[in-house]
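Open the model in a viewer and keep the selection tool at hand. The stops below go from a whole chain to one helix and then to the contact between chains.

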Amino acid sequence: MKISKMFISRRFKSLVLTVFAFISFSYNIHAQGDAAKGEKLFNQNCASCHFPDKDMTGPALKGARERWIENSSEEKLYDWVRNSTAVIESGDAYANQLFSEWGSVMTAQNVTNEQVDDILAYVEEYQPPVVEVAADPGAGTGEEQESSTLIWWILSALLLVVIGSAASAKSGLQKLANEQDGVNTPGDENWMTAFRRWAWTYRGWVGVTSLIIVVVLLAAGMLDLMKIGVFEDYKPEQPIAYSHELHAGKLGIDCKYCHNSVEKSKHAGIPTVNVCMNCHKTVHEGSTTGTEEIAKIHEAAGYDAATNSYTGETKPIKWVKVHNLPDHVYFNHSQHVNVGGLDCKNCHGNMKKETVARVMTTEDLNNVGVTDEDYDENKVKFTKPTLTMGWCIECHRESNIDIANAPEGSYYNMIHTRLQKDQRTYRSYLEDDVVSVAELGGLECAKCHY
Amino acid sequence: MKLKELKYFAIAALAGSTIMVSCVEDPNSPGLEYMPDMYRSPAAEAYVDYAEVEGVFDEEAKKLVEERFSFVPPAGTIPYYGTGEGADVMMPYKHGAPVGADKTHGLYGVKQDPDGRIKADADVNPIPFSDEVLKEGKKLYESFCIHCHGESGDGQGTVITNSLGKFPTPGPYKDTLTAGGIFWTITYGKGAMGSHAAQLNKEERWKIVHYVEKLQGKEQGVAADTSAVVMPMDEAAEGEGEMIEEGAEGHEDGHAEGGNHEAEEH
């Protein structure tokens, strides 16, 4: 009996030991943490202020456990995550050092010790994603085009050389033939009289050729005159190599986020540098230009990327204005966007495929929604060059206003009420079943020139 | 003799073609202007550099432009939004920015208050809830917030998902965030998020707050009873606080000429 009791208790002991060993083993696993669980927790609780491997609003979390063990204690680390203010107030030297260094209190997190372990396990395992270097197709084709024009010039130059040498060979042969025939070429004849003689001999041909040349020159001159005041394709170099393709296209930022006065003002607005800093306070390195271009933003904003703080020494960015209208033209963005209900792409084309701003060509505007799928097709198809009066007029003629359904109290609603009292005018407008911008005075000179 | 002529001819032809090639359009030139003084006139226009007037480049004018092109509103200025109903929404914000906001968020000269965030929690949205307001709030959210905070506010916007870990996720909404807290955060920013006071005026910010509360799944329209609304405007803002506050919001009038940029002539 006693023996059996002893046996049981011995078995019990070993059982307890195994359980204990198991528990301590699993505790060890916990201390290591579960990186998969940690990733989710990290993204939910930590990611808005901490990067695993870089300093941001708060310090990089890699090595946080070692830093705490070295400077304070591991226990304090868990306390800090749950309530950093309490740790600071307890007088812990490292906690106070962190607070003075980073300048802000960490938001208290509702997590258990195990969850902290999970998060730290994820952080230690974290590897930054590999950035795939995208080939830049734009740069290549531009160069190619330039070199192909060069080839044409060289070819035509060679052709001229061939013609010239053939002509001189011919004249040499002619001279030789003349000498053989005994015809004397007058030696004192200068090239002018020789040319006159030659022109008179072939007067029919010379007359027709000169007429053609004059007509061609006149036509070319006319076409060149038509280009005066046309700024299509104007794409000046800007102080910072900003890319609309990346920001508006890939990252999906709305045009109005940066050009935010478009609904309130005459100007769509060039964003102030604080708008850039909303993201570039965190993003210090671009995927194509590295730190070079973003450093220019930091310089303008007075931001020291090394210490992650503003210095107060700002500097203007001198952007180059792209869309210029002469002084005698009044154009208002808010009228076209708010009242006219136009979208940016109607006049500025698909900026999701452009780098720095460019005056779009008529062709680009007509291709919106046709050759790309970023936007719907523009209703008005243009024939006149962009930013010219003909271009404005075209759109004012072809755009219609849904005046009958204009919201109560709006400008068009007011005109609708007035038109209902003047049925004759209203009917004349409605002959083609729609009221166009032109019919409501969209072609009046004083609308845009005053 | 013949060979020499040929050589001269070839040299001339090559030189000529080089000149022609170099005439290829300069991308930094807008092209010929009909009456350039109408494009760059002495009349004041935003984003135009007046240093070049009628073809003459004036160094003194250039200096003037560089120094004074972008004005910060004079101290104590508040934007005028009329006297109509709801205009008092635009009155200066009474809660201060967190301590050190000038260093962390570039909010130079903005009133700082260590308890600003906590005090802001009690604010009630002064704009009564309506479907119209919600629609406008949604539109604003889609222009100003969605690219980071995502369609449902889960912090998975296109900037986060398409930037290969370069930009931190803002995380999902905390249920504890109150209307006043959301407004405070949009106004001064928090952590990686910058202040959006320059892009959104107070009315727009409160409209966004309505929409964010809808995303949080909070019951809407409870505070629609205007009599119960505590206007979060500043009774004591007539001193420095007000002046400082507008320093952060100097660009609200939509002209966006901050101290930080200017347009240059070509």
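Select chain A and colour by secondary structure: 21 helices and 5 strands appear, where helices (H or I, at least four residues) and strands (E, at least two) are DSSP runs numbered from the N terminus. This is a predicted model, in which local features need pLDDT of at least 70, side-chain atom pairs count only at pLDDT 80 or more, and totals for chains, interfaces and linings use all residues. Residues are numbered from 1 along each chain as its sequence is written, and chains are lettered from A and ligands numbered from 1 in the order in which they are written.

Recolour chain A by pLDDT, the predictor's confidence in each residue, from 0 to 100. The chain A average is 82, and 87% of the residues score at least 70. Helix α1 (residues 2–32) of chain A has the lowest confidence, with a mean of 52, while helix α12 (residues 255–258) of chain A has the highest, at 94. Select residues 24–30 of chain A: pLDDT stays under 50 there, and the model has 2 contacts beyond four places in sequence for them. Two residues are in contact if their C-beta atoms, placed from the backbone, lie within 7 Å. Residues 134–143 of chain A are also below 50, with 0 contacts beyond near neighbours in sequence. Where pLDDT is low, the predicted coordinates should not be read in detail.

Next, select helix α2 (residues 35–46) of chain A. Its 12 residues put the end C-alpha atoms only 14 Å apart, short of the 16 Å that a straight helix would reach at 1.5 Å a residue; the expected span is 1.5 Å times one less than the number of residues. Show A:Gly38, A:Phe42, A:Asn45 and A:Cys46, which are buried. A residue is buried if 20 or more other C-beta atoms, placed from the backbone, lie within 10 Å of its own, exposed if 12 or fewer, and partly exposed in between. Looking down the axis of α2(A), the buried residues fall within an arc of 95°, so they line one face of the helix; the arc is that of the directions from the helix axis to the C-beta atoms. The face turned away from the buried side carries the exposed A:Ala36 and A:Lys40. Add α7 (113–125) of chain A, which is among what covers the buried residues of α2(A).

Finally, show chain B: 67 of its residues are in contact with 76 residues of chain A. On the side of chain B that touches chain A, α1(B) gives the most, with 10 residues.
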